[in-house]
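Me: I'm new to this structure and would love a close look at one part of it. Could you walk me through the place where one helix crosses the next in the second chain, and then show me how that fits into the rest?

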Amino acid sequence: MLNMEILVDNFFGILTVVPQTVALAITIFILSILIGTGMALVQEYNVPVLKQVVMLFKLFLRGTPLIVFIFIMYYSLPSIIGYFTELMNLDYNASNISPVVILIVAVSLTVSSFQAETIRGSFLSVSYGQIEAARSLGYTPFQAFKRIVTPQALVEALPEFGSAFLVVMKAISLGFMITVVDIFAEARLIAASNSYYVEAFVVAALMYWGVAALVVKLTGKYESYLVSRT
Amino acid sequence: MITPSTWEIVSLLLDVAHITFIILLASAVLGLLLGAVLTMINVKNIPVLKQITVVISSFTRSVPIIIQLFIVYYALPPLLGNFGINVTSMSATVAAILALTLYHGGYLTEVLRAAYKAVEKGQHEAADSLGYTPTKKFFRIILPQTVPVALPGWGNALIHLIHDTSLVFALGVADIMGRAELIAASSFGMNQVQVFLIVAAIYIAVTFLSDGMVRLFEKKTQKFKLDSGLKAKRVA
């Protein structure tokens with residue numbers, strides 16, 4: 001049924017792109033947390049115009065499939081950037097922008113709108129008394145945020161972050177549509193070269209499964225470590 | 001081909017919308033059934049079958065849907081061929097429906113299991129002590145209380161499913177996305193952004209329809225919710 005030799009071959013072939021995929025996923029993940037935190041703060045502090053922008057953006061992303069958003073970005077981002085570079089008289093040819101950058105932008109924007117909800121929820125779960133106590137002990141607002149609120153919010157957000165990372169991992173697999181090479185794209189390339197489709201996809205699936213199991217295990221460990229400290 | 005106007009693009013896309021909807025509806029219904037069966041196996045603790053459901057739901061949730069689509073499309077015909085079932089002529093649409101059903105079912109197991117577990121043990125005991133048969137107990141006591149808890153999760157699962165139907169064109173199904181690519185390619189890439197913005201608008205409309213439907217169900221089933229937890233019961 002499955003050709004064992006091909007399976008082993010494919011395994012090592014695809015293994016070479018795993019670090020690349022994970023690195024890409026980590027980049028997008030960190031970016032999405034940053035953007036998500038920005039969105040959450042905008043919503044929490046009721047910043048006038050930005051709040052409406054964030055709301056519209058979230059509505060748009062809730063309804064639009066990721067692949068459609070990636071295509072929109074792929075076709076429109078170069079000209080958008082080109083418009084701005086021309087406005088500022090920069091000598092930069094935006095049409096050479098790498099598809100990896102486009103994928104990073106598209107996926108991190110999409111995931112950030114989900115991250116915003118997680119982050120908002122976890123910050124809200126820290127009771128206001130904690131901040132008051134910190135302030136009364138002479139912490140500056142920033143210190144209170146960094147030392148008191150964030151560690152507690154992190155415990156709350158961690159399981160969600162773990163699954164968000166996996167969502168990012170899975171989302172990158174759509175990069176093959178815009179010529180970004182990750183685990184899935186590599187599997188497709190290998191399959192096309194030796195026409196053992198099933199083997200390549202099974203190996204790719206097992207790799208994703210393995211990464212997912214690892215991430216779940218690690219977040220579980222880190223979570224219990226954080227819980228033991230608070 | 002001359003660049004088509006916005007309305008022409010809309011009508012071209014809506015021409016093939018029924019394929020997307022058939023895939024969506026079929027996998028939503030079948031997925032719900034599969035999810036229900038898997039949940040039943042899981043909560044009834046049937047030995048070997050339970051481990052299989054755990055594997056299925058773990059697999060469908062940690063592997064990208066695009067790989068699941070390709071695996072079903074390429075691996076199912078030879079796999080079934082081993083058992084003497086000839087499905088070599090399985091169309092891409094059928095493969096897409098099967099893959100999405102598996103995905104949706106695996107996802108829903110988690111939702112349904114949590115909802116089932118949310119029904120208090122006392123409810124089971126009370127029904128038992130009043131002499132309900134197991135079937136009667138399930139349909140009259142447990143199910144009505146499970147539904148309102150499961151609805152928000154089901155709504156989210158539906159939205160994921162709607163988003164994921166946009167990927168079936170990778171198998172060669174001529175759905176909305178497939179047609180969109182054709183339109184974008186035939187006008188020498190002049191109106192790609194416009195075409196995909198229209199596709200996005202169609203998907204947004206479908207998502208909001210499904211959101212509205214789930215909200216309607218939530219309203220209708222709210223009376224089954226008992227006043228446990230944080231929220232006191234709203235008087236109907």
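**A helix crossing in chain B**

Reply: From the N terminus on, chain B runs α-α-α-α-α-α-α-α-α, which amounts to nine helices and zero strands. Please keep in mind that this is a predicted model.

Let's go straight to the crossing you asked about. The two partners are helix H2 of chain B, residues 17-44, and helix H3 of chain B, residues 47-62; their axes come within 8 Å and cross at roughly 130°. At that angle, H2(B) and H3(B) are therefore oblique to each other. The crossing of H2(B) and H3(B) has a hand as well, and it is left-handed. If you would like to find the contact in the picture, look on H2(B) for Leu38(B), Ile41(B) and Asn42(B), and on H3(B) for Leu49(B), Lys50(B), Thr53(B), Ile56(B) and Ser57(B). By class, the residues of this contact of H2(B) with H3(B) are four nonpolar, three polar and one charged.

Chain A has a crossing of its own that you can set beside this one. There, helix H2 of chain A, residues 18-44, and H3(A) have axes that come within 9 Å and cross at roughly 125°. H2(A) and H3(A) are therefore oblique to each other, and the crossing of H2(A) and H3(A) is left-handed. On the H2(A) side you will find Met39(A), Val42(A) and Gln43(A), which meet Leu50(A), Lys51(A) and Val54(A) of H3(A). The contact of H2(A) with H3(A) is made up of four nonpolar, one polar and one charged residues.

Now let's step back to the chains that hold these crossings. Chain A has nine helices and zero strands, in the order α-α-α-α-α-α-α-α-α along the sequence. Its C-alpha atoms fill a box of roughly 70 × 50 × 30 Å along the principal axes, while those of chain B fill one of roughly 75 × 50 × 25 Å. Of the 230 residues in chain A, 34% are buried; for the 236 residues of chain B, the share is 36%. Take the contacts in chain B with a separation of 6 or more: 77% of them join residues 24 or more positions apart. For chain A, the corresponding share is 76%.

Where do the two chains meet? In all, 27 residues of chain A are in contact with 25 residues of chain B. On the chain A side, the elements that give two or more residues are helix H3 (48-63), helix H4 (66-87), helix H7 (141-172) and helix H9 (197-229). H9(A) gives the most to this side, with nine residues. The residues on the side of chain A that touches chain B comprise 21 nonpolar, four polar and two charged.

Finally, have a look at the largest nonpolar core, which has 115 residues; Val168(A), Phe201(A), Ala204(A), Leu69(B) and Val199(B) have the most contacts inside it. Helix H5 of chain B, residues 92-118, supplies the largest share of this core, twelve residues. Val199(B) is a good place to end the tour: leaving out residues up to four places away in sequence, Val199(B) touches Val68(A), Leu13(B), Ile176(B), Met177(B) and Ala180(B).

Methods:
Residues numbered from 1 in each chain as written. Chains lettered and ligands numbered in written order. Predicted model: local features only at pLDDT ≥ 70, side-chain atom pairs only at ≥ 80, totals over all residues. Axes fitted to C-alpha atoms, helices over the stretch in contact; angles between N-to-C directions. Helix = DSSP H or I, 4+ residues; strand = E, 2+ residues; numbered from the N terminus. Parallel < 35°, antiparallel > 145°, perpendicular 65-115°, else oblique. Left-handed = near helix turned anticlockwise from the far one by under 90°. Contact = placed C-beta atoms within 7 Å. Nonpolar A, V, L, I, M, F, W, Y, C, P; charged D, E, K, R; others polar. Core = buried A, V, L, I, M, F, W, Y, C linked by C-beta atoms within 7 Å. Buried ≥ 20, exposed ≤ 12 C-beta atoms within 10 Å, placed from the backbone.
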